[in-house]
Amino acid sequence: MTMGTTTTTQAYGESWYWDNRYANESGPFDWYQKYQSLAPLINLYVPRHPNRHHRILVVGCGNSAFSEGMADDGYDDVVSIDISSVVIQAMQDKYSDRPHLKYLQMDVRDMSAFQTDSFDAVVDKGTLDSLLCGSNSRQNAAEMLDEVWRVLKDKGVYILITYGAPLYRLHLLRESCSWTIKLHVIEKLACEDKSEPPIWELTNPVPLNDDGSSAEELLGNNPDVHYIYVCAKDNSLKPGLKRETSVD
């Protein structure tokens with residue numbers, strides 16, 4: 001049993017694992033959150049404007065309806081990638097009548113098909129988490145973050161939706177690239193009809209100190225939330241200088 005579990009976990013970075021999974025899955029599935037629940041935050045950091053064209057990359061898209069949601073919300077250039085050729089073929093077929101929704105088979109650790117500084121935003125719902133669950137997790141995560149940083153334009157944003165609390169994610173993000181980081185949170189069941197107000201307003205950044213302990217102090221231990229790190233690429237932060245977080 002342990003061997004089987006280990007094999008599956010280590011396969012998270014392998015295309016065959018996802019090919020097999022998607023060959024046996026029918027219908028769309030969204031990891032963590034659907035577009036509707038995250039739209040206010042996406043609109044905040046990637047504001048739609050009739051005179052401003054935004055090019056957005058969704059990594060590890062799977063068969064999620066997230067990219068479709070963005071297109072329906074007025075984003076007219078959404079590129080989605082996944083390591084699985086099976087799911088990409090399925091998505092290309094599904095959206096063959098919507099040419100502005102582009103689906104490409106690609107490994108997020110090597111996006112050399114994309115030019116440097118070519119995207120205004122990168123959205124990641126669970127892809128970094130998936131790599132961190134597999135073998136060679138640190139190396140794979142570092143390669144992914146380097147590529148995400150490379151393809152982003154200066155001041156572009158990497159929007160990471162994850163279950164990883166600041167105590168586990170801040171160091172990884174800071175040691176990878178030159179980011180200015182803001183933290184937001186959303187309840188895991190945000191899509192469900194709930195009469196109680198949210199634990200924290202989605203569009204208000206959570207106070208974030210150097211080690212991330214401020215978020216735990218505010219939200220408590222193990223809050224039932226997803227963490228959203230909005231990482232802005234900042235070319236003015238030279239390599240070797242202290243990475244900055246934004247304290248609001």
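**A tour from Glu147 to the largest cavity**

Begin by selecting Glu147 together with Met111, where the side chain of Glu147 comes to 2.5 Å from the backbone nitrogen of Met111. Keep in mind throughout that this is a predicted model.

Next, show the helix around this starting point: Glu147 belongs to α7, which covers residues 137–151. If you then display the surface, you will find that Glu147 has a relative accessibility of 12%, and because buried means under 20% relative accessible area, Glu147 counts as buried.

What does Glu147 touch, once residues up to four places away in sequence are set aside? Select Val108, Arg109, Asp110, Met111 and Ser112, since these are the residues that Glu147 contacts under that condition; Met111, in this list, is also the residue whose backbone nitrogen the Glu147 side chain reaches.

Now leave Glu147 and turn to the interior space of the model. Counting cavities of 30 Å³ or more gives one, and the largest cavity has a volume of about 100 Å³. To centre the view there, select Val58, Gly60, Cys61, Ser64 and Lys125, which lie nearest the centre of the largest cavity among the 12 residues that line it.

Then colour the secondary-structure elements that contribute to this lining: β1 (56–59), α4 (66–72) and β4 (119–125) each provide at least two residues, and β4, with three, gives the most. Finally, colour the lining of the largest cavity by residue class, which separates its residues into six nonpolar, three polar and three charged.

Technical notes: Residues numbered from 1 in each chain as written. Predicted model: local features only at pLDDT ≥ 70, side-chain atom pairs only at ≥ 80, totals over all residues. Heavy atoms only, no water. Helix = DSSP H or I, 4+ residues; strand = E, 2+ residues; numbered from the N terminus. Buried < 20%, exposed > 50% of the residue type's maximum accessible area, 1.4 Å probe, protein only. Polar contact = N/O pair within 3.5 Å; in protein donor to acceptor, adjacent residues only side chain to side chain. Contact = heavy atoms within 4.5 Å. 1 Å grid on protein atoms, 1.4 Å probe; cavity = no way out; pocket = protein on both sides within 12 Å on 5 of 7 lines; lining within 4 Å. Points joined across faces, edges and corners; volume = space filled by probe spheres on them. Nonpolar A, V, L, I, M, F, W, Y, C, P; charged D, E, K, R; others polar.
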